[in-house]
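Reader: Please take one part of this model and go through it closely. Start from a single residue and work outward. Keep it brisk.

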Amino acid sequence: MHLRLLSQIAQSKKLPCSSAAAIANHRLCLTNQKPLIRPFSSILIRAHRPRMPEATENLLPSINLNASMHVAATAVETLNGHGPNAELAAAQSDQGPFTPEQEALFKQQQSLDIVQELRKAPEWFEVVAYGHLSDSARARSLTASTLRGDGKIAIRPLKFFNESKTECVIIAHLGRNLCGHEGIVHGGLLATLLDEHLAYITLPSLPNYTGFTANLTVDYRKPVKADQWIVVRGKFDRVEGRKAYANAWIETADNGTLLTEARALYVSPRMDKKPTQS
């Protein structure tokens with residue numbers, strides 16, 4: 001149904017598919033999020049800010065925003081999949097085929113109270129998790145491919161955004177083969193999930209919808225037991241030029257117990273590189 005709607009819009013308005021998707025997806029605003037609490041323990045992860053590959057740096061500034069703002073924005077979104085209208089709505093029938101373990105988890109996933117609440121709430125819209133990645137990027141992705149399978153991230157998480165993509169919720173199951181200590185999910189995996197989540201809510205507000213982790217602070221509040229459903233929530237804080245700040249946290253799916261939280265700074269690469277004079 002969604003693909004048919006996109007085709008009709010694209011044909012009637014003579015728009016590219018990604019632009020038609022922007023019209024097809026109905027997006028509303030989100031209210032009410034719980035505040036973050038000061039942690040008991042924390043680690044700090046710092047990273048150097050890389051430069052954009054030269055070919056990409058040369059490509060993005062060449063887009064004539066004054067001549068065609070909408071088409072230009074669509075072209076930039078296509079490059080990295082993090083623009084405001086880059087992701088397609090999800091359908092409950094687009095998963096599978098499953099192993100017996102995955103089939104059981106899928107039934108659990110669909111019946112979770114948090115899933116039912118988000119799907120009924122008009123301020124949230126559901127998108128395809130990892131759908132912003134190209135086929136080649138998805139095949140090489142740590143969370144979308146390498147860590148997928150029975151005993152790990154067995155089935156694709158569910159992903160929800162608010163209209164402005166400044167808030168995001170992901171529901172995922174973390175299996176028994178993702179542990180550091182026996183029965184406890186590895187802290188490095190939790191940091192990875194939070195880092196990715198923070199990117200989802202900061203990159204849409206950065207220039208060219210592109211950025212890199214410059215600073216990530218992860219606070220471990222409670223051990224995260226393996227073989228359970230967790231909810232990852234994130235909320236955009238602010239943008240200052242090429243810098244964007246956001247908060248994210250992991251909680252239990254059954255009662256919302258806070259498990260891990262993080263704060264991050266993302267930086268968009270400079271796009272003012274001038275051609276070399278010969």
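**Helix α5 and what surrounds it**

Author: E101 has a relative accessibility of 24%, so E101 counts as partly exposed. Keep in mind that this is a predicted model.

Start with the partner of E101. Its side chain meets that of R176 in a salt bridge, at 3.3 Å from N to O. The two ends lie in distant parts of the chain. E101 sits in helix α5, while R176 sits in the loop between β4 and α9, 75 residues away. R176 is partly exposed as well, with a relative accessible area of 48%.

Now the helix itself. α5 covers residues 100-111, 12 residues in total. From its first C-alpha to its last, α5 reaches 17 Å. That is close to the 16 Å expected at 1.5 Å a residue.

Which residues of α5 are buried? They are Q102, L105, F106, Q109 and Q110. These five cover an arc of only 135° around the axis, so they lie on the same side of α5. The spacing fits a general rule. An α-helix has 3.6 residues a turn, so residues three or four places apart point the same way. The face turned away from the buried side carries the exposed residues P100 and K107.

What does the buried side pack against? Its buried residues pack against one helix, α6 (113-120), and against the strands β3 (158-161), β4 and β6.

Take α6 next. L118 is in this helix. With a relative accessibility of 5%, L118 counts as buried. Leaving aside neighbours within four places in sequence, L118 is in contact with W124, F160, V169 and I171. F160 is 42 residues from L118 in sequence, yet their C-alpha atoms are 7.7 Å apart.

R119 follows L118 in the chain. R119 and E126 meet through their side chains in a salt bridge, 3.0 Å from N to O. The two partners differ in burial. R119 is partly exposed, at 25% relative accessibility. E126 is buried, at 16%.

Now widen the view to the cores. In soluble globular proteins, nonpolar side chains tend to be buried together. Here the largest nonpolar core has 40 residues. Those with the most contacts inside this core are L174, V185, L194, L198, I230, I250 and Y266. Several elements give two or more residues to this core: β2 (125-127), β4 (167-174), α9 (187-202), β5 (212-220), β6 (228-240), β7 (243-252) and β8 (258-267). α9 supplies the largest share, 9 residues. A second, separate core has 17 residues, including L112, L118, L158 and V231.

V185 shows what a residue of the 40-residue core touches. Neighbours within four places aside, V185 is in contact with L174, L178, C179, G180, L190, V224, K225 and A226.

V224 also gives a way into β7. T252, in strand β7, is 28 residues from V224 in sequence and 8.6 Å from it in space, C-alpha to C-alpha. T252 is buried, with a relative accessible area of 10%. Not counting residues up to four places away in sequence, T252 touches Q228, W229, V231, T257 and L259. V231 is one of the residues in the second core. T252 makes polar contacts too. Its side chain and that of D254 are joined by a polar contact of 3.1 Å. The T252 side chain also reaches the backbone nitrogen of T257, at 2.9 Å.

Back to β6, one of the strands that the buried residues of α5 pack against. E240 forms a salt bridge with R238, with 2.8 Å between the closest N and O atoms. E240 is partly exposed, with a relative accessible area of 42%. R238 is partly exposed too, at 34%. Salt bridges with shared partners join D237, R238 and E240 into one network.

How many salt bridges are there by this rule? The count comes to 8. Among them is the E101 and R176 pair, where this tour began.

In short, α5 has its buried residues on one side. P100 and K107 are exposed on the face turned away. E101 ties this helix to the loop between β4 and α9.

Technical notes. Residues numbered from 1 in each chain as written. Predicted model: local features only at pLDDT ≥ 70, side-chain atom pairs only at ≥ 80, totals over all residues. Heavy atoms only, no water. Core = buried A, V, L, I, M, F, W, Y, C linked by side-chain atoms within 4.5 Å. Buried < 20%, exposed > 50% of the residue type's maximum accessible area, 1.4 Å probe, protein only. Helix = DSSP H or I, 4+ residues; strand = E, 2+ residues; numbered from the N terminus. Contact = heavy atoms within 4.5 Å. Expected span 1.5 Å × (residues − 1). Arc of directions from axis to C-beta. Salt bridge = Lys/Arg side-chain N within 4 Å of Asp/Glu carboxyl O. Polar contact = N/O pair within 3.5 Å; in protein donor to acceptor, adjacent residues only side chain to side chain.
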